[in-house]
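Q: I should like to learn how to read the features of a protein model, step by step. May we work through one together?

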Amino acid sequence: MSTNHLNESTDYKASGASNAWLVYALLTIVLWGVWGATIAVPEGNNFPAELGYIMWALSMLIPSSFSLKKVGWKLDVSLEAVLYGAVIGFLGGVGQLILYSGAIANGPAYLIFPIIALSPVVTIVLSFIFLKERVGKMGGAGIVIALVAIPFLNYSDGSGTTNNSAWLIYAILVFLAWGIQGFYLKQANNRVSAESIFFYMALTSLMLAPVAWFMTEQPLQANWGLDGAALAFGIGLLNAFGALFLVYAFRHGKAILVSPMVNCLPPIVTSLLSLVILQVLPTTYAAVGMVLAIISAFLLVMGEETADLPSKDPLK
């Protein structure tokens, strides 16, 4: 789930030359990278991807509890917080559901995650259209490179690495959902506490769990053992705690340093680990697409962080 804009407070900034932000950012990179590379493993052990989503949604409750406890269980229950939380949580949850049940089930993680990393394209375009936010040179270059990267990534279908192009459609849907989510996160980060947003994201994700259950064929016949349900829950925790550590990375560091790292490096970790696990080499076209996607993600985030944000509230 995209939580790259949960940098809502500067009150927690560490004094002096603290490197706490770097530790939290590196933890996020490792956890998200490993999560992306292993997300499909339980499915291979007869635990359907849709049920994997449910395990992930349950795992979100643990870091959410940690974050609320750190602020004395202070939950923002204002209409604004609930509305933002519901929208952000729904978009994140739908993206995760599509990722689990569609993209990963039909394609390789080493191609899917570089595409998802391009979701800031949607955030930037929506900010330009609805908030009149200017698009800088880096952001514009990132959009152009992203448009070039996606055809390269899909060109590998003929190599036998994927059976069809369904994975690309699902990956683009996740890309859209998380890009729109990023748009609302940008507006929420100075209005609603990160802990409250995190809680509402977890709650909304759980509300989508019945949808995942009914999408599963014979869920009771799935592998509910250690290498099935328990493994899926553990892999979900990697994503959930990665998101929590990201919140703290933003609190102790500068967004212009944290954002490029957490947008660009996890897909690299995922892609490399996936290739090792699958013991395959990407085609030349896919490799070029992967590199272009990472470069694009870096430019997009850098362009986003240096743009001027207007104060207009899109939910009013």
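**Reading a helical chain**

A: We may begin with a residue in a loop: N46 lies in the loop between helix 2 (41-44) and helix 3. Please keep in mind throughout that this is a predicted model.

Q: What is the sign of phi at N46?

A: The general idea comes first. Most residues other than glycine have a negative phi, and most peptide bonds are trans. N46 is not a glycine, yet its phi is positive, at about 70°. The residue is partly exposed, with a relative accessible area of 49%.

Q: Which loop holds Q218, and what is its phi?

A: Q218 sits in the loop between helix 11 (209-215) and helix 12. Its phi is near 50°, again a positive value in a residue other than glycine. Q218 counts as exposed, at 61% relative accessibility. A glycine can be set beside these two cases: G72, which follows helix 4, has a positive phi near 70°.

Q: How many helices and strands does the chain have?

A: The chain has 14 helices and 0 strands. Of its 316 residues, 54% are buried.

Q: How does one judge which residues the fold brings together?

A: One compares separation along the sequence with separation in space. Among contacts between residues at least 6 apart in sequence, 91% join residues at least 24 apart. Helix 14 (residues 284-305) offers an example in T284. T284 and L153 are 131 residues apart in sequence, while their C-alpha atoms are 9.7 Å apart in space. T284 is exposed, with a relative accessible area of 63%.

Q: Is V301, also in helix 14, buried or exposed?

A: V301 counts as buried, at 1% relative accessibility. Its C-alpha atom is separated by 8.6 Å from that of M138, a residue 163 places away along the chain. Leaving out residues up to four places away in sequence, V301 touches P120, S259, P260 and N263.

Q: How should I read the pattern of burial along a helix?

A: The general idea is geometric. An α-helix has 3.6 residues a turn, so residues three or four places apart point the same way. In helix 4 (residues 61-70), the buried residues are P63, S64, S67 and L68. Seen down the helix axis, these buried residues fall within an arc of 135°, so they line one face of helix 4. On the other side of helix 4, K69 and K70 are exposed.

Q: What covers the buried residues of helix 4?

A: The cover includes helix 3 (49-59), helix 10 (194-207) and helix 12 (226-252).

Q: At what angle do helix 4 and helix 12 pack?

A: The angle is about 30°, and the axes of helix 4 and helix 12 are 8 Å apart. That makes helix 4 roughly parallel to helix 12, because angles under 35 degrees count as roughly parallel.

Q: Which residues of helix 4 and helix 12 meet?

A: From helix 4 come I62, P63, F66, S67 and K70, and from helix 12 come F233, L237, A240, F241, L244 and Y248. The residues of this contact divide into 9 nonpolar, 1 polar and 1 charged.

Q: How many residues of helix 3 are buried?

A: Helix 3 is mostly covered, with 10 of its 11 residues buried. Among them are A49, E50, L51, G52 and Y53. What covers the buried residues of helix 3 includes helix 2, helix 4, helix 5 (79-106), helix 10, helix 11 and helix 12.

Q: How many residues are in the largest nonpolar core?

A: Once more the general idea precedes the case. In soluble globular proteins, nonpolar side chains tend to be buried together. The largest nonpolar core here has 91 residues, and those with the most contacts inside it are W35, Y53, I88, L99, I112 and L118. Helix 12 supplies the largest share of this core, 13 residues.

Q: Which residues are in contact with I112, leaving aside its neighbours within four places in sequence?

A: I112 is in contact with L99, A103, I104, G107, W167 and A171. L99 thus appears here as a partner of I112, and both L99 and I112 belong to the residues with the most contacts inside the core.

Note on methods: Residues numbered from 1 in each chain as written. Predicted model: local features only at pLDDT ≥ 70, side-chain atom pairs only at ≥ 80, totals over all residues. Heavy atoms only, no water. Buried < 20%, exposed > 50% of the residue type's maximum accessible area, 1.4 Å probe, protein only. Helix = DSSP H or I, 4+ residues; strand = E, 2+ residues; numbered from the N terminus. Arc of directions from axis to C-beta. Contact = heavy atoms within 4.5 Å. Core = buried A, V, L, I, M, F, W, Y, C linked by side-chain atoms within 4.5 Å. Axes fitted to C-alpha atoms, helices over the stretch in contact; angles between N-to-C directions. Parallel < 35°, antiparallel > 145°, perpendicular 65-115°, else oblique. Nonpolar A, V, L, I, M, F, W, Y, C, P; charged D, E, K, R; others polar.
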